[in-house]
Amino acid sequence: MTFDTIIRGGTVATASDTFRSDVGISAGRITTLGLDLGAARQVIDATDRLVLPGGIDSHVHISQPNAPGIVMADNFESGTRAAAFGGNTMVLPFCLQERGQSLRQAVRDYHAKADGNCYVDVSFHLIISDPTEQVLGQDLPALIKDGYTSFKVFMTYEDLALSDRQILEVMSVARETGALVMVHAENFDAIRFLTDRLERAGKTAPHFHGTSRPIPVEREATHRAIALAELIDVPVMIVHVSNREAMEEIRRAQQRGLKVFGETCPQYLVLTEKDMEGLNMEGAKYVCSPPPRDAASQVACWEGLLHGVFSVFSSDHCPFRYDESGKLAPRGRTSFRWVPNGIPGIETRLPILFSEGVSKGRIDLNRFVALSATNHAKTYGLYPRKGTIAVGSDADIAIWDPKREVTISQQILHHGADYTPYEGLRVTGWPMTTLVRGEVIVSDGALAGSKDHGQHLARDISSFAPPSRPE
Ligand code: DUC
Ligand code: ZN
Ligand code: ZN
């Protein structure tokens, strides 16, 4: 038998095992694992390298509409290219329904932007901002059936926040259909109150963004989201958790047997509120929500990753340029209130987790794989097609040099933002080669793939969070 590709001489790791094996690939799938596999049209030498499931980043924002005059820094071409350079083979961007917009139209708009423009595979989560009768009764159930099996709701932001009643209504749709609900948990009224008070006191610099959404704001909303999900008996994913108190809410719910899942992100491991204190508007580069906290919160997030409270580690890539189109938009200069929330991180997520986690001995390689790929696939209905190295799975593979030392800087990255919040961070371990369904997209650090290779995938319902039996 002649393979299309053999990856030879590397160490393969999955979420459970680490072993020496070559990987035989044909027609985009892994067809054989073992040694002495024979001939192939292409052999990739992986001596001294790790052969890992390609990363799945299940929380990214690409080409998402924002306030007038503000443009997201990545479109699907640049965002998925940066993802591939960061060792990812699939991303799950959000498809935002704007208020007043038909949900189906939002999906059509996103496909128009994404289709034919992706280096890696993609699958959209929906964002429900306007749960009309049409959405709840028709469009959302139909889209879930079509494979858009997860959606996010916001408990804050002027144009996005749902009331508790609305959240219960969309959760009921998830209960009926098996979709997974993702929640942005921050208390909107508390943030508005604190923001107004800070502005009245003239405290408008970027670092007051952190003061305007302190830990209790996140903890309370996390508790409430879990309570609402418990009322409906539906699984829920609390996204971008930043601190111990919110993490403890999730842990308590898990210990009570509720299907509550948690996600954290690089910014909560390596940034703090101090980063928002830069001179002039420099702090705006780090403004995201929830905001980075303090060293104790970083320790808590590591504990959550180590003990499984957080099952997924995502970037929350939400890139804006540090110029008038983004972080320095004219209104943003008047108060932190108007600075767009979000930071780039699609390319640096995995090197940061690998270096700070595996290289520094905080987590083992198998947990790294679980947190970076396998659990994302299981959570969002892609497993076992995606997220592992196994016979029959898509040949979505990242080949890492675990000893390579890199200083993260804007110069070496491929995203559309003009800065990285991780400038100067030294990491050990870097993804060198990325294959998506057997095609080499990045080869030893150079672009080798094309932007029409990535496909949009319909997803099953979550295998981590199967729906409860109907009553
Ligand atoms: N929530 C996100 O998920 N991403 C960026 C900004 C936000 O508030
Ligand atoms: Zn959010
Ligand atoms: Zn996000």
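**Two zinc sites, a pocket and a serine**

Modeller: D316 has a relative accessibility of 7% and counts as buried. The model is a predicted one.

Biologist: What makes D316 count as buried?

Modeller: The cut-off for buried is under 20% relative accessible area. D316 stands at 7%, so D316 counts as buried. H61, with 4%, is buried by the same cut-off.

Biologist: Which atoms coordinate the zinc ion (ligand 3), and how do you know that they are donors?

Modeller: They are NE2 of H59, NE2 of H61 and OD of D316, at 1.9 to 2.0 Å. A donor is an N, O or S atom within 2.8 Å of the metal, so these nitrogen and oxygen atoms qualify. Along the chain, the spacing of the donor residues is H-x1-H-x254-D.

Biologist: Why is the pair H61 and D316 said to tie parts of the chain together?

Modeller: H61 is in the loop between β8 (55-60) and α1 (76-85), while D316 is in the loop between β16 (310-313) and α11 (349-359); the pair therefore ties together parts that are 255 residues apart in sequence.

Biologist: What are the protein donors of the zinc ion (ligand 2)?

Modeller: K152 (NZ), H184 (ND1) and H240 (NE2) are its protein donors, lying 2.1 to 2.2 Å from the ion. The limit is 2.8 Å, so these nitrogen atoms count as donors. Their residues are spaced K-x31-H-x55-H in sequence. H184 belongs to strand β13 (residues 180-184) and H240 to the loop between β14 (236-238) and α8 (244-255), so this pair ties together parts that are 56 residues apart in sequence. H184 and H240 are both buried.

Biologist: How far apart are the zinc ion (ligand 2) and the zinc ion (ligand 3)?

Modeller: The separation is 4.1 Å.

Biologist: Where is S21, and what makes its link to G34 a polar contact?

Modeller: S21 is in the loop between β3 (18-20) and β4 (22-26). A polar atom of its side chain lies 2.9 Å from the backbone nitrogen of G34. The limit for a polar contact is 3.5 Å, and the pair is within it. S21 is also buried, with a relative accessible area of 3%. Residues touched by S21 include I7, V12 and L35.

Biologist: What lines the largest pocket, and which residues are closest to its centre?

Modeller: The largest pocket holds about 1200 Å³ of space. It is lined by 49 residues, and N66, A67, Y157, E158 and D159 are the closest to its centre. The lining divides into 21 nonpolar, 17 polar and 11 charged residues. α5 supplies the largest share, 4 residues.

How values were computed
Residues numbered from 1 in each chain as written. Chains lettered and ligands numbered in written order. Predicted model: local features only at pLDDT ≥ 70, side-chain atom pairs only at ≥ 80, totals over all residues. Heavy atoms only, no water. Donors = N, O, S within 2.8 Å, 3.2 Å for Na, K, Ca; no water. Helix = DSSP H or I, 4+ residues; strand = E, 2+ residues; numbered from the N terminus. Buried < 20%, exposed > 50% of the residue type's maximum accessible area, 1.4 Å probe, protein only. 1 Å grid on protein atoms, 1.4 Å probe; cavity = no way out; pocket = protein on both sides within 12 Å on 5 of 7 lines; lining within 4 Å. Points joined across faces, edges and corners; volume = space filled by probe spheres on them. Nonpolar A, V, L, I, M, F, W, Y, C, P; charged D, E, K, R; others polar. Polar contact = N/O pair within 3.5 Å; in protein donor to acceptor, adjacent residues only side chain to side chain. Contact = heavy atoms within 4.5 Å. Lists of a residue's contacts leave out its neighbours within four places in sequence.
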